[in-house]
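Work through the exercises below with the sequence and the model open. Try each task before you read its solution.

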Amino acid sequence: MRVPLSGMRWEAPALLPEPARGGPRIARSAVTRVHGAVTCYEVQARTALERTGQGWTVSPYQGCAGGCRYCSARHGHRRLGLDGGAGFDSRIVVRTNIVRRLRAELVSRWDGEHVAVGMAGDCYQGVEEVYRLMPGVVAALREAGAPFTVHTKGTLILRDADLLAGAPGAGVVVSIAFVDDRVRRGVEPGVPDAQRR
């Protein structure tokens with residue numbers, strides 16, 4: 001967008017430069033915003049609930065600033081044209097309409113089976129402070145009477161403790177892989193230490 005300013009032409013910066021041809025596929029259809037060291041690709045989810053062998057999953061975020069080196073969700077980044085290595089830690093896909101899609105699918109698709117929350121990226125990682133998707137996700141699951149488990153290593157879950165406590169059938173899994181903080185910093189560099197979790 002060009003705006004005249006005292007006879008000069010000024011070009012407003014884009015949120016981020018247009019992706020180069022051959023760049024991440026997700027960048028071509030997303031609104032891209034930078035929050036500190038993390039680039040977020042805001043997309044509209046086509047579906048919220050995904051079928052697994054043990055029930056259903058819903059993930060507001062794909063990718064995780066926690067950067068756990070062993071995370072099994074890294075392979076999903078590659079399908080989007082993103083780096084499953086360092087890109088998994090710094091390029092997060094944000095499904096901005098997840099609450100609306102989830103509410104619709106709990107009525108039309110859900111069959112009563114368990115729902116795991118946050119399997120493609122920690123649902124209480126730092127970007128949740130910006131997007132605040134989890135209160136709506138928890139409310140939708142609670143209103144539908146869906147049994148669910150939130151998987152996180154983030155302490156931000158404490159913000160929603162009352163909401164989770166009021167949800168019958170809700171569970172929380174907080175994993176602690178390493179109690180030696182030196183090892184944790186090398187393998188899980190972006191997550192809180194074991195004591196904070």
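**Exercise 1.** By class, how many nonpolar, polar and charged residues are in the lining of the second largest pocket?

*Solution.* First, the ground rules. This is a predicted model: local features need pLDDT of at least 70, side-chain atom pairs count only at pLDDT 80 or more, and totals for chains, interfaces and linings use all residues. Residues are numbered from 1 along each chain as its sequence is written, and side-chain values use heavy atoms, with hydrogens and water left out.

Step 1: find the space. A pocket is an open set of points on a 1 Å grid over the protein atoms alone, where a 1.4 Å probe fits, with protein on both sides within 12 Å along at least five of seven lines. Lining residues have an atom within 4 Å of a point. The second largest pocket has a volume of about 390 Å³.

Step 2: list the lining. It has 20 residues, and Cys71, Gly118, His151, Lys153 and Ser175 are the closest to the pocket centre.

Step 3: sort by class. Ala, Val, Leu, Ile, Met, Phe, Trp, Tyr, Cys and Pro count as nonpolar, Asp, Glu, Lys and Arg as charged, and the others, Gly among them, as polar. The result is 10 nonpolar, eight polar and two charged residues.

**Exercise 2.** Describe the largest pocket: volume, centre and contributing elements.

*Solution.* Step 1: the volume of the largest pocket is about 680 Å³. Step 2: 24 residues line the largest pocket, with Glu50, Gln62, Arg79, Leu80 and Arg95 the closest to its centre. Step 3: β5 (50–52), β7 (61–62), α1 (74–79) and β8 (91–95) each give two or more residues to this lining. Here helices (H or I, at least four residues) and strands (E, at least two) are DSSP runs, numbered from the N terminus. Step 4: the class split is nine nonpolar, 10 polar and five charged residues.

**Exercise 3.** Is Gly67 buried or exposed?

*Solution.* Step 1: locate Gly67, in the loop between β7 and α1. Step 2: apply the cut-offs: buried is under 20% relative accessible area, exposed over 50%, partly exposed in between (1.4 Å probe, protein chains only). Step 3: Gly67 counts as buried because its relative accessibility is 2%. Step 4: check a distance. The C-alpha atoms of Gly67 and Ser90 are separated by 8.3 Å, at 23 residues apart along the chain.

**Exercise 4.** Which residue has a positive phi although it is not a glycine?

*Solution.* Step 1: recall that most residues other than glycine have a negative phi. Step 2: Arg132 has a phi of about 50 degrees. Step 3: place Arg132 in the loop between α4 (128–131) and α5 (134–144). Step 4: Arg132 has 48% relative accessibility, so it counts as partly exposed.

How values were computed: Points joined across faces, edges and corners; volume = space filled by probe spheres on them.
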